[in-house]
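This report introduces a single structure to a reader who has not met it before. Please consult the sequence and the three-dimensional view below while reading.

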Amino acid sequence: MTGSDGLLSALERWSPTLFLVGGVVLIGFAASLAAIGLMDMSVPRDLFAGVGFTLSFLGLIGVSAGLTDQSPSLARAGAVFAALGAVGFALTFVFGIADLVAISLPAWVEAFQLLNIVGLILGFLLVGIASLRTDAHSRPLGGLLLVPALVFAVNFGRVVVLGAWTPAWAPFILGSLQALAMLALGYLLRAEAVSQESTERPTDTAA
């Protein structure tokens with residue numbers, strides 16, 4: 001087994017936990033959006049977003065690894081975009097730390113936010129479609145994989161259409177949906193893993 005295969009196998013095993021922990025951190029991100037939008041507080045939201053989404057993207061790479069046998073093209077493409085998303089949000093965390101300690105960063109670093117957009121839309125969309133086209137996971141789980149992409153698309157459309165007229169509560173609602181989607185993905189993946197282990201475990205027979 002190569003180092004790459006070993007890493008993907010580890011991410012596949014840990015994907016339920018990665019989604020669950022990522023979802024918990026994203027609850028903090030949603031709460032920070034509420035504090036900023038509704039209470040006009042200064043909260044380091046990038047720290048929550050950076051950690052929560054990075055963990056979730058690592059979980060997504062783990063899910064894609066389990067789909068490569070049945071849908072290799074979509075799963076591998078989804079994994080590439082998920083990796084870009086993980087890098088983008090890891091940089092978001094770094095930028096958040098820099099902002100917290102008042103370190104000025106050059107304007108061009110904003111370009112790295114494109115990795116977040118690409119990862120959230122194409123990463124989750126492609127892996128979700130790959131899952132729905134196979135029998136590797138349940139249909140509800142495949143549908144849930146599409147939710148982060150759809151929520152972000154709605155959020156992007158909100159910014160483009162409404163701009164300054166965006167309701168103050170909208171970011172909190174959309175951030176909460178992202179957090180709940182990650183938690184639900186972690187729960188379903190864990191439930192499927194437990195069910196599979198129960199099926200594969202040999203039953204005791206009387207001597």
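The following paragraphs treat a pair of helices, the loop between them, and two pockets.

The structure is a predicted model.

**Helices H3 and H4**

Helix H3 spans residues 72-100 and helix H4 spans residues 113-132; the two pack with their axes 7 Å apart, at an angle of about 150°. Because an angle over 145 degrees counts as roughly antiparallel, H3 is described as roughly antiparallel to H4. The crossing of H3 past H4 is left-handed. In the contact of H3 with H4, 18 residues are nonpolar and 8 are polar, while no charged residue takes part.

**The loop between H3 and H4**

The loop that lies between H3 and H4 contains Ala102. Most residues other than glycine have a negative phi. Ala102, although not a glycine, has a positive phi of about 60°. The relative accessibility of Ala102 is 66%, so this residue counts as exposed.

**The two pockets**

The table sets out the volumes of the two pockets.

| Pocket | Volume |
|---|---|
| Largest pocket | about 1,000 Å³ |
| Second largest pocket | about 540 Å³ |

The lining of the largest pocket comprises 34 residues, and those nearest its centre are Phe29, Leu33, Arg45, Asp46 and Gln113. Six helices give two or more residues each to this lining: H1 (3-39), H2 (45-65), H3, H4, H5 (139-162) and H6 (170-200). The most is given by H5, which provides 6 residues to the lining of the largest pocket. Sorted by class, the lining of the largest pocket holds 20 nonpolar, 9 polar and 5 charged residues.

The second largest pocket is lined by 17 residues, of which Glu12, His137, Leu189, Ala193 and Gln196 are the closest to its centre. The elements that contribute two or more residues to the lining of the second largest pocket are H1, H2 and H6. Here H6 gives the most, with 7 residues. The lining of the second largest pocket divides into 5 nonpolar, 7 polar and 5 charged residues.

Helix H6 thus appears in both descriptions: H6 is listed among the elements that give two or more residues to the lining of the largest pocket, and H6 gives the most to the lining of the second largest pocket. Helices H3 and H4, which pack together at about 150°, are also among the elements listed for the lining of the largest pocket.

Terms used: Residues are numbered from 1 along each chain as its sequence is written. This is a predicted model: local features need pLDDT of at least 70, side-chain atom pairs count only at pLDDT 80 or more; totals for chains, interfaces and linings use all residues. Side-chain values use heavy atoms; hydrogens and water are left out. Axes are lines fitted to C-alpha atoms, for helices over the stretch in contact, and angles run from 0 to 180 degrees between N-to-C directions. Helices (H or I, at least four residues) and strands (E, at least two) are DSSP runs, numbered from the N terminus. Angles under 35 degrees count as roughly parallel, over 145 as roughly antiparallel, 65 to 115 as roughly perpendicular and the rest as oblique. A crossing is left-handed if the near helix is turned anticlockwise from the far one by less than a right angle, and right-handed if clockwise. Ala, Val, Leu, Ile, Met, Phe, Trp, Tyr, Cys and Pro count as nonpolar, Asp, Glu, Lys and Arg as charged, and the others, Gly among them, as polar. Buried means under 20% relative accessible area, exposed over 50%, partly exposed in between (1.4 Å probe, protein chains only). On a 1 Å grid over the protein atoms alone, a cavity is a set of points where a 1.4 Å probe fits but cannot get out, and a pocket is an open set with protein on both sides within 12 Å along at least five of seven lines; lining residues have an atom within 4 Å of a point. Grid points are joined across faces, edges and corners, and a volume is the space filled by probe spheres set on the points.
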